[in-house]
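These are my notebook entries on one structure. I set down what I looked up, item by item.

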Amino acid sequence: TAIMILPEIDPIAFQIGPLAIRWYGITWLVAFGLIYLLASRNLSKFSKEQLENLMFYGLLGAVLGGRIGYMFFYNADQLIENPLSLFYFWQGGMSFHGGLLGVLISCFLLSKRWGFNFFEVMDFIAPYVPIGLGTVRVGNFLNSELLGRPTEMSWGVVFPSDPLGLVRHASQLYQAVGEGIVLLLFMLWYSKKPKPNMAVSSVFLIGYGVIRCFTEAFREPDAHIGFDLFGSISRGQILSIPMIVIGLVLLFYSYRKVVKVDETIS
């Protein structure tokens with residue numbers, strides 16, 4: 001069997017005096033760089049300056065929301081015991097769902113400033129977000145974190161951070177492919193032709209939620225949380241299910257508005 005034993009990778013890429021640059025931080029910068037590169041090729045009604053502002057405040061919202069979301073969704077006990085731990089960024093811990101909320105708030109405030117409908121901004125940027133998600137998942141893999149569940153499959157991986165030394169699914173790469181490549185290609189295809197307002201954003205929510213729920217089946221739940229329901233449903237899946245529901249409701253409403261307009265015209 002071709003089992004891969006990962007070498008231990010120093011999480012610090014390089015250091016300038018007291019400033020340590022970590023690989024995970026680099027993957028975040030690469031993620032937003034790739035999103036910017038793709039989005040800048042299809043600005044439509046947005047200017048390059050607006051895109052730059054969107055990327056800056058989107059990154060700020062993702063980092064702050066990701067940290068706050070992690071502490072509320074995954075580490076509430078520590079937050080209650082020591083509220084200042086919310087600012088212990090060096091301890092690690094980021095939540096996609098919290099980061100998404102942070103990005104939504106940033107986009108909402110920018111849309112108000114620019115005089116755009118909120119979903120105009122979201123529909124514009126949503127197709128390109130998956131490439132960033134996939135890049136950050138590669139960072140999780142390099143960091144040997146968010147380990148997969150044990151497996152007997154020949155493509156299993158032994159992570160240096162695993163104290164048990166078990167052969168596990170490379171769930172980070174599964175999520176990188178699902179969230180980063182599959183969802184990106186689907187979103188680019190779906191948004192290629194004009195769609196009703198909020199439809200593209202809705203499809204992103206549905207697509208990410210479905211893929212996350214599926215790939216979480218190969219990922220070990222957080223040790224201090226375990227499974228939340230039925231001994232098999234994780235916190236990540238529970239947080240993703242509302243995304244699917246909200247996405248379906250918004251998608252129905254989006255196309256329903258188009259049907260009503262057509263009926264009025266006819």
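**Entry 1: Ile238.** I listed the contacts of Ile238, leaving aside neighbours within four places in sequence, and found Asp228, Leu229 and Ile233; contact here means heavy atoms within 4.5 Å. Ile238 belongs to helix α9, residues 235–265. I took helices (H or I, at least four residues) and strands (E, at least two) as DSSP runs, numbered from the N terminus. The relative accessible area of Ile238 is 29%, so I entered Ile238 as partly exposed. On this scale buried means under 20% relative accessible area, exposed means over 50%, and partly exposed lies in between (1.4 Å probe, protein chains only). I also noted a C-alpha separation of 9.7 Å between Ile238 and Gly209, which are 29 residues apart along the chain.

**Entry 2: basis of the values.** The model is predicted, and I kept to its limits: local features need pLDDT of at least 70, side-chain atom pairs count only at pLDDT 80 or more, and totals for chains, interfaces and linings use all residues. Residues are numbered from 1 along each chain as its sequence is written, and side-chain values use heavy atoms, with hydrogens and water left out.

**Entry 3: Cys213.** I placed Cys213 in helix α8, residues 199–215. Is Cys213 buried or exposed? Its relative accessibility is 17%, so Cys213 counts as buried. Apart from neighbours within four places in sequence, Cys213 touches Gln237, Ser240, Ile241 and Ile244. For Cys213 and Ile244, 31 residues apart along the chain, I recorded 9.8 Å between the C-alpha atoms.

**Entry 4: α2 against α5.** At what angle do α2 and α5 pack? Helix α2 (residues 48–73) and helix α5 (residues 118–125) pack at about 85°, and their axes are 12 Å apart. This makes α2 roughly perpendicular to α5. The axes are lines fitted to C-alpha atoms, for helices over the stretch in contact, and angles run from 0 to 180 degrees between N-to-C directions. Angles under 35 degrees count as roughly parallel, over 145 as roughly antiparallel, 65 to 115 as roughly perpendicular, and the rest as oblique. From α2, the residues Leu51, Leu54 and Met55 meet Val121, Phe124 and Ile125 of α5. I classed the residues of this contact as six nonpolar, no polar and no charged. Ala, Val, Leu, Ile, Met, Phe, Trp, Tyr, Cys and Pro count as nonpolar, Asp, Glu, Lys and Arg as charged, and the others, Gly among them, as polar.

**Entry 5: aromatic rings.** Phe124 appears again in one aromatic cluster, with Phe46, Trp114, Phe116 and Tyr128. Rings of Phe, Tyr and Trp (its six-membered ring) pair if their centres lie within 6.5 Å; planes under 30 degrees apart count as stacked, over 60 as edge-to-face, and the rest as tilted. I counted 18 aromatic pairs by this rule. Phe56 and Tyr57 form an edge-to-face pair, because their ring centres are 5.0 Å apart and their planes stand at 85°. Phe56 is exposed at 51% relative accessible area, whereas Tyr57 is partly exposed at 30%.

**Entry 6: strands.** I read an open sheet of three strands in the order β1-β4-β5, with mixed pairing; two strands pair if DSSP finds at least two bridges between them. Its edge strands are β1 (4–5) and β5 (167–168), each paired on one side only. Strand β4 (residues 157–158) runs antiparallel to β5 and is joined to β5 by two bridges, and Val157 has Arg168 as its bridge partner in β5. I then turned to the hairpin of β2 and β3, which has two residues between the strands, with Gly17 in the turn at a positive phi of about 65°.
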